Amino acid sequence: MVAPDGIGVLLRTIRDEAGRTRDEQANVVQQAQGGQWFDWENIKRWETEKRLPVPDWHETIARAYGLNVADVQRAVAASRQHRRSQRREKEDVERRRFFGVAAVAVGASTLPGIAQAREGIDGALAGAGAGDLAYLESAFERHRGGYHGRSPDDVLAEMQADLNLLGQVLSQPHPAGARADLARTAAGIAGLVAIVQHDRGDKDDALRWFATAEKAARESGDRRMTAWALARHAMVPLNYGAPEVAVRVAARARRAAGRTPTAAGALAAAVTARSLAAIGDHRGARMAVTDTQDLVERLDGQDAADTWFGYPGQKHFVHLSQAYTLLGDTEAAYSAQDNALDLTHSPSVMTRALIAMDTAACLRLDGDPSAAADMAAGVFDRLSAPYRDGLIRSRIESLHHALAGRPRDLLGQAFA
């Protein structure tokens, strides 16, 4: 259901009053952006609020519909708030359903011996290792959700037992179909370990785990998993000083993703944008930003979920923040940072710190190196020990290298 005062109702009302069809309105939008190609399906997505217009579209929409940009922004904000309200209501319903099922389960467990009888029958029906395979699939689903306020070290510790089991199960024979599923699970779990090692700053081990993830993904035959492993792999050289390598790995990820809109494809395009911006190819970077935004408009379901395998709006704006910062487009970067923070609901210690570091970098670009150093030093000072190395430290060191004089000294003292 669309928000009554949101962007969908606003655009549909104006179109209806003008007596236009969606196709005719799409023509108007295309004209408003100088005749550049426009995906006409966006009109339907915006009107039904299946997708909300990202900030880069706000000015074009305002021109095409005879609105002020502020009117568009208010309507999008209302739609976003409506979505959150709907999501909370759905979560409440699901929570009540869960507790109802749990109560039934508790009542059933009082029957003596019934659980043991079921386990005996189930074990006799299951093939060798089937329980381990099912457990590993559930472990993969459990771990893929992200940090949720936990430190990288804590996440690795929680995964240790599952990694040991995965190694044991992989060494056993399995039917072809089960082996393919197991290889996909192995690719996902290996990729998750690689992400954590990347964030911890152990880039060499991250690269080894990503190589394992890619190998397993290719064995499984799952192109999406392969594209995801490669896109995530590209972030290691990107964030640790080798953007040229990141460009090449991201290109492999985009080829593996193909033309179908997927989270992996969107991530690969976003990493491409950041990598090209880092090596000074601004035209290529902006083209990749456009590609990313086009893909984001068409994502749904698990592809848009807030997990390490999804590419939700919050993650999109975090990537845009870094891309625009590297491009020197501070106005667009600040906007992306605001949108990212607006969509960040969990503790997300690392995400918030990275956004703040982008803001500090933008302050330097805007000619205020002292404010940049103060902000970065404050970010580092507030971080607990597990977050002071790795990815965040690399961003602080990069800013420190770009500063001079007293601001450089101030920031250097903060993280020395």
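Among contacts between residues at least 6 apart in sequence, 66% join residues at least 24 apart. That figure, like the rest here, comes from a predicted model. The protein has 20 helices and 0 strands, and 48% of its 416 residues count as buried. Below are two helix pairs, then a helix with its following loop residue, and then some single residues worth a look.

**H14 against H15**

- Helix H14 covers residues 282–296 and helix H15 covers residues 313–327; their axes sit 11 Å apart, at an angle of about 165°.
- That angle makes H14 roughly antiparallel to H15, since anything over 145 degrees counts that way.
- The crossing of H14 past H15 is left-handed.
- On the H14 side, the residues that meet H15 are His-282, Ala-285, Arg-286, Val-289, Thr-292, Gln-293 and Val-296.
- H15 answers with His-316, Leu-320, Ala-323, Tyr-324, Leu-326 and Leu-327.
- Sorted by class, this contact has 8 nonpolar, 4 polar and 1 charged residues.

**Gln-293, a polar residue in that contact**

- Gln-293 sits in helix H14 and has 7% relative accessibility, so Gln-293 counts as buried.
- Leaving out neighbours within four places in sequence, Gln-293 is in contact with His-316, Leu-320 and Tyr-324, and also with Val-54 and Asp-56.
- Those first three partners also turn up in the H15 list, where His-316, Leu-320 and Tyr-324 meet H14.
- Take His-316 as one of the partners: Gln-293 and His-316 are 23 residues apart in sequence, with their C-alpha atoms 8.4 Å apart in space.

**Thr-307, in the loop between the two**

- Follow the chain from H14 towards H15 and you'll find Thr-307 in the loop between them.
- Thr-307 counts as buried because its relative accessibility is 16%, with the cut-off set at under 20%.
- The Thr-307 side chain has a polar atom 3.1 Å from the backbone nitrogen of Phe-309.
- That side chain also reaches the backbone nitrogen of Gly-310, again at 3.1 Å.
- Setting aside residues up to four places away in sequence, Thr-307 touches Arg-144, Gly-145 and Lys-315.

**H11 against H13**

- Helix H11 (residues 223–239) and helix H13 (residues 263–278) cross at roughly 20°, and their axes come within 9 Å.
- H11 and H13 are therefore roughly parallel to each other, the cut-off being under 35 degrees.
- Their crossing is left-handed.
- H11 makes the contact through Arg-224, Ala-227, Trp-228, Ala-231, Arg-232, Ala-234, Met-235, Leu-238 and Asn-239.
- From H13 come Ala-264, Leu-267, Ala-268, Val-271, Arg-274 and Ser-275.
- By class, the residues of this contact divide into 10 nonpolar, 2 polar and 3 charged.

**H3 and Glu-49**

- Within helix H3 (residues 41–48), the buried residues are Asn-42, Ile-43, Arg-45, Trp-46 and Glu-47.
- What do these buried H3 residues pack against? Their partners are helix H1 (7–18), helix H2 (22–32) and helix H4 (55–65).
- Right after H3 comes Glu-49, with a positive phi of about 60°.
- Keep an eye on that backbone angle when you look at the model, as this is a positive phi in a residue other than glycine.
- Glu-49 belongs to the loop between H3 and H4.
- Is Glu-49 buried or exposed? Its relative accessibility is 7%, so Glu-49 counts as buried.

**Leu-411, in H20**

- Leu-411 lies in helix H20, which spans residues 405–415.
- With 0% relative accessibility, Leu-411 counts as buried.
- Not counting residues up to four places away in sequence, Leu-411 touches Ala-373, Ala-376, Ala-377, Ile-396, Leu-399, His-400 and Leu-403.
- Leu-411 and Ser-370 are 41 residues apart in sequence, yet their C-alpha atoms are 9.3 Å apart in space.

How values were computed. Residues are numbered from 1 along each chain as its sequence is written. This is a predicted model: local features need pLDDT of at least 70, side-chain atom pairs count only at pLDDT 80 or more; totals for chains, interfaces and linings use all residues. Side-chain values use heavy atoms; hydrogens and water are left out. Axes are lines fitted to C-alpha atoms, for helices over the stretch in contact, and angles run from 0 to 180 degrees between N-to-C directions. Helices (H or I, at least four residues) and strands (E, at least two) are DSSP runs, numbered from the N terminus. Angles under 35 degrees count as roughly parallel, over 145 as roughly antiparallel, 65 to 115 as roughly perpendicular and the rest as oblique. A crossing is left-handed if the near helix is turned anticlockwise from the far one by less than a right angle, and right-handed if clockwise. Contact means heavy atoms within 4.5 Å. Ala, Val, Leu, Ile, Met, Phe, Trp, Tyr, Cys and Pro count as nonpolar, Asp, Glu, Lys and Arg as charged, and the others, Gly among them, as polar. Buried means under 20% relative accessible area, exposed over 50%, partly exposed in between (1.4 Å probe, protein chains only). A polar contact is a pair of N or O atoms within 3.5 Å; within protein, one must be able to donate a hydrogen and the other to accept it, and residues adjacent in sequence count only if both atoms are side-chain atoms.
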